[in-house]
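Here are some short exercises to work through with the model open beside you. Try each task before reading its solution.

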Amino acid sequence: MRSRRHSTKYVSMDTSKCKACWACIDECKNGVFRKVNLPFHKHVAIANAENCNGCRRCIATCPNGVFEPIVRDRADTKL
Ligand code: SF4
Ligand code: SF4
């Protein structure tokens, strides 16, 4: 089943900022993204969230700030 989430375990995305340059699709080596490429509706979407390994290449690549790292709450990491 295809995931329609706007985040993986490691990155979230705001598709409204996407300019459909497709740079992140080339950059993500794990096939996480797919193109939504309709005449008036172009942006990247997450197709395979479970493939994301948190490499953050998409965050570094996107010129439009679409991606944000997901940082775990400190309460989760105490011990
Ligand atoms: S963090 Fe890496 S693996 Fe995950 S979506 Fe971005 S480029 Fe792909
Ligand atoms: S790099 Fe950014 S602007 Fe370009 S397609 Fe990916 S999310 Fe959209």
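**Exercise 1: the shell of ligand 2**

Task: In this predicted model, list the residues around ligand 2, then sort them by class.

Solution: Start from the ligand and collect its neighbours: Cys18, Lys19, Ala20, Cys21, Trp22, Ala23, Cys24, Val44, Thr61, Cys62, Asn64 and Val66. Next, sort them: the shell holds 9 nonpolar, 2 polar and 1 charged residues.

**Exercise 2: one residue of that shell**

Task: Is Ala23 buried, exposed or partly exposed, and which residues does it contact beyond its neighbours within four places in sequence?

Solution: First, place Ala23 in the fold: it belongs to helix 1, residues 23-27. Then count: 16 other C-beta atoms lie within 10 Å of Ala23. Buried needs 20 or more and exposed 12 or fewer, so Ala23 is partly exposed. Now look beyond the sequence neighbours, where Ala23 touches Thr61 and Cys62. Both of these also appear around ligand 2. Finally, check a distance: the C-alpha atoms of Ala23 and Pro63 are 8.9 Å apart, with their positions 40 residues apart along the chain.

**Exercise 3: the core**

Task: Which residues have the most contacts inside the largest nonpolar core?

Solution: This core has 14 residues, and Cys24, Phe33, Cys58 and Phe67 have the most contacts inside it. Strand 1 (11-13) and strand 3 (41-46) are the elements giving it two or more residues. Take Phe67 next: leaving aside neighbours within four places, its contacts are Val11, Met13, Cys58, Ile59 and Cys62.

**Exercise 4: ligand 1**

Task: How many residues surround ligand 1?

Solution: There are 14, with Cys28, Val32, Cys52, Cys55 and Cys58 the closest. By class, 7 are nonpolar, 4 polar and 3 charged.

How values were computed:
Residues numbered from 1 in each chain as written. Chains lettered and ligands numbered in written order. Predicted model: local features only at pLDDT ≥ 70, side-chain atom pairs only at ≥ 80, totals over all residues. Helix = DSSP H or I, 4+ residues; strand = E, 2+ residues; numbered from the N terminus. Contact = placed C-beta atoms within 7 Å. Near = placed C-beta within 6 Å. Nonpolar A, V, L, I, M, F, W, Y, C, P; charged D, E, K, R; others polar. Core = buried A, V, L, I, M, F, W, Y, C linked by C-beta atoms within 7 Å.
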